[in-house]
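Please look through the sequence and the model below before reading on. The paragraphs that follow lead from the whole chain to its strands and then to its aromatic rings.

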Amino acid sequence: MNDHTAHGHADHSAHAGHGAHGGHGAHGGHGGHGAHAGHGAAQAGGLAVSEHGYTLELDSTVLAAGPQPIGFRITGPDGRTVTAFTPEHEKELHFIAVRRDTAGFQHVHPVRDDRGHWSVGLTLEPGDWRFFADFHPAGHGGTMTLGADAAVAGAYDPRPLPEATGAARTGGYEVALDGALLPGEASALTLTVSRDGRPVTDLEPYLAAYGHLVALRVGDLGYLHVHPEGEPGDGVTAPGPEIAFMAVAPSAGTYRLFLDFQHEGVVRTAEFTVRTTEKAPEAAPELHGEHHAHHAHH
């Protein structure tokens, strides 16, 4: 894989009011998740090329297949190219490329020149691609994710969606996924990394986290931030084998999860297909009883 990134999203006490931001608040701090209930109103990001006056402009939306540089810029509400960004987890901008059939996932770090033009190298197979730019413009209230389509020329060989499974393999590592995605509700996901049947207990910090998880909704590629619990060096978060996350699915459906983790100096990506599950009907009997009591009273 190319260069990957990890958002160490931790302190999300300000997320409750950012439904229009694709579920992002100000990601500056690290700590607890005091207002995770607010994630229930979160929406998938990356569905629009322009938001809050900011626009993602690709140099070209028709590309050749194979390794190549990709260029783009972000324009602001004043129509000018944005040149000032607030770094989030050690990077000014995080860029994700994925084909519409969810193949070819790449999470990379572009380089910006003084004029605000970004460039990054990608390897692209023929087909329809979606590019995401995740960034925090200086002076804006938080991060946002914009998305744009590009067509890569050549014979397109679409791949079927991988089966839903709780296990993935990548480069000699096995990753197990525990937990469920709930529509409209935050839930815990735990990913456990092992190699040759032995737990990996010396994961390396990568951009302020032991792991970074991106979730994309199958069908429209709605982009979700998933937030790691704790951070390296906080005195409580172990460097594996478990990496804990909080996630919320804005709707029922099928999602693709991509976990980046670093071990022995190499960043690897484990991929999963996950279907949302219904919320547990624990309150149903009580609500049913209240319903009858209400009618009996009348």
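**From the whole chain to its rings**

Of the 298 residues in the protein chain, 49% are buried, where buried means under 20% relative accessible area, exposed means over 50%, and partly exposed lies in between (1.4 Å probe, protein chains only). This is a predicted model, in which local features need pLDDT of at least 70 and side-chain atom pairs count only at pLDDT 80 or more, while totals for chains, interfaces and linings use all residues. Residues are numbered from 1 along each chain as its sequence is written, and side-chain values use heavy atoms, with hydrogens and water left out.

The secondary structure of the protein chain consists of one helix and 19 strands; these are DSSP runs numbered from the N terminus, with at least four residues (H or I) for a helix and at least two (E) for a strand. Strands of a sheet pair through backbone hydrogen bonds, either parallel or antiparallel, and here two strands are said to pair if DSSP finds at least two bridges between them.

One open sheet has five strands in the order β1-β2-β4-β8-β7, with antiparallel pairing. Because β1 (50-51) and β7 (111-112) stand at the edges with a single partner strand each, one side of each is left without a neighbour in the sheet. Within this sheet, strand β2 (residues 54-58) pairs with β4 over four bridges in the antiparallel sense, and leucine 56 stands opposite isoleucine 74 in β4.

Further along the chain, strand β18 (residues 254-263) runs antiparallel to strand β19 (residues 266-275), and 10 bridges join them. Threonine 254 stands opposite arginine 275 in β19. The two strands β18 and β19 form a hairpin with two residues between them, and glutamate 264 in the turn has a positive phi of about 50 degrees.

How many aromatic pairs does a search of the whole structure find? The search finds eight, counting rings of Phe, Tyr and Trp (its six-membered ring) whose centres lie within 6.5 Å, with planes under 30 degrees apart called stacked, over 60 edge-to-face and the rest tilted. Phenylalanine 72 and phenylalanine 95 form a stacked pair, 4.7 Å centre to centre with 10 degrees between the planes. This pair links distant parts of the chain, since phenylalanine 72 is in strand β4 (residues 66-75) and phenylalanine 95 in strand β5 (residues 93-99), 23 residues apart. Both phenylalanine 72 and phenylalanine 95 are buried.

The rings of phenylalanine 105 and phenylalanine 258 are also stacked, because their centres are 4.0 Å apart and their planes are at 5 degrees.
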